[in-house]
Amino acid sequence: MSFTEKEIENLNRELTSKTPLEIVQWAVSKAKKPVVTTNFRPYEAAILNVCVQAKKDIPVIWCDSGYNTPNTYKHAEDIIEKLGLNIQLYVPKQTSAHRDAVIGIPDIEDPQHKVFTEQVKLEPFKRAMRDFTPDVWFTNLRKGQTALRDSLDILSMGKDGVLKVSPFYYYSDAELDVYLEKNELPNEFKYFDPTKVLDNRECGLHTN
């Protein structure tokens, strides 16, 4: 699937007035191999809910770094069961115990942090994308999260030709709270991403 910059611009204008479910349904109707990725961070239940409503068996790619909090793992199991997710689990090739003994979790200023991020997040993600070769990738990116994400929109075209779709792009936390409550979906805030540490840092998945 491929769109010109002008087509993406026009589509984003049209989709702004649509609900997240309508956006996902539109994208699914155009897709041959859609996927949704998740890390079960706060508010992830929203994107997963609309995706399974539009396509019940959509592959849900979970790249588990091995460093999630116990709360996140329990939260993930809750959502997986509640929504009947078609989870496709990808983990680093090296165990967290082995890595902890060698480099641990390097400080973000440490040159080893780049190696750490590649091992626990980027390599599993790239492997998943090679396996599934999606043409549409659903994410829960939202405006206001990082400088990079502020430059995107509901639809954005990656350099790899994959159409990235963020149906909740213009939603605030408060609006997502209402969505989750209305749909009786759980949320969990005890989440930690060792590759980012700070919420306004990018981890590298969305720079292509």
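At 27% relative accessibility, Lys55 counts as partly exposed, a class that lies between buried (under 20% relative accessible area) and exposed (over 50%), using a 1.4 Å probe and protein chains only. The structure is a predicted model, in which local features need pLDDT of at least 70 and side-chain atom pairs count only at pLDDT 80 or more, while totals for chains, interfaces and linings use all residues. Residues are numbered from 1 along each chain as its sequence is written, and side-chain values use heavy atoms, with hydrogens and water left out.

**Salt bridges**

Side chains of opposite charge can pair when their charged atoms come close. A salt bridge here is a side-chain nitrogen of Lys or Arg within 4 Å of a carboxyl oxygen of Asp or Glu. The whole structure holds eight of them. Three pairs are listed below, with the distance from N to O.

| Pair | Distance |
|---|---|
| Asp57 and Lys55 | 3.2 Å |
| Lys126 and Glu118 | 3.3 Å |
| Lys121 and Asp193 | 2.4 Å |

Lys55's partner, Asp57, is partly exposed at 46% relative accessibility. Lys126 is partly exposed at 38%, and Glu118 is partly exposed at 30%. Lys121 lies in helix H6 (residues 112-132) and Asp193 in the segment after helix H8 (173-182), so their salt bridge ties together parts that are 72 residues apart in sequence. Helices (H or I, at least four residues) and strands (E, at least two) are DSSP runs, numbered from the N terminus. Lys121 is buried, with a relative accessible area of 11%, and Asp193 is buried at 8%. Elsewhere, a network of salt bridges links Lys6, Glu9 and Arg13.

**A buried asparagine**

Asn140 sits in the loop between strand E4 (136-138) and helix H7 (147-150). This residue is buried, its relative accessible area being 10%. A polar atom of the Asn140 side chain lies 3.1 Å from the backbone oxygen of Tyr43.

**Helices H3 and H8**

Helix H3 (residues 44-54) packs against H8 at an angle of about 55 degrees, and their axes are 10 Å apart. The axes are lines fitted to C-alpha atoms over the stretch in contact, and the angle, on a scale from 0 to 180 degrees, is taken between N-to-C directions. H3 is therefore oblique to H8, oblique being any angle that is not under 35 degrees (roughly parallel), over 145 (roughly antiparallel) or 65 to 115 (roughly perpendicular). On the H3 side, Ala45, Ala46, Asn49, Val50 and Gln53 meet Leu176, Tyr179 and Leu180 of H8, where contact means heavy atoms within 4.5 Å.

Definitions and conventions: Polar contact = N/O pair within 3.5 Å; in protein donor to acceptor, adjacent residues only side chain to side chain.
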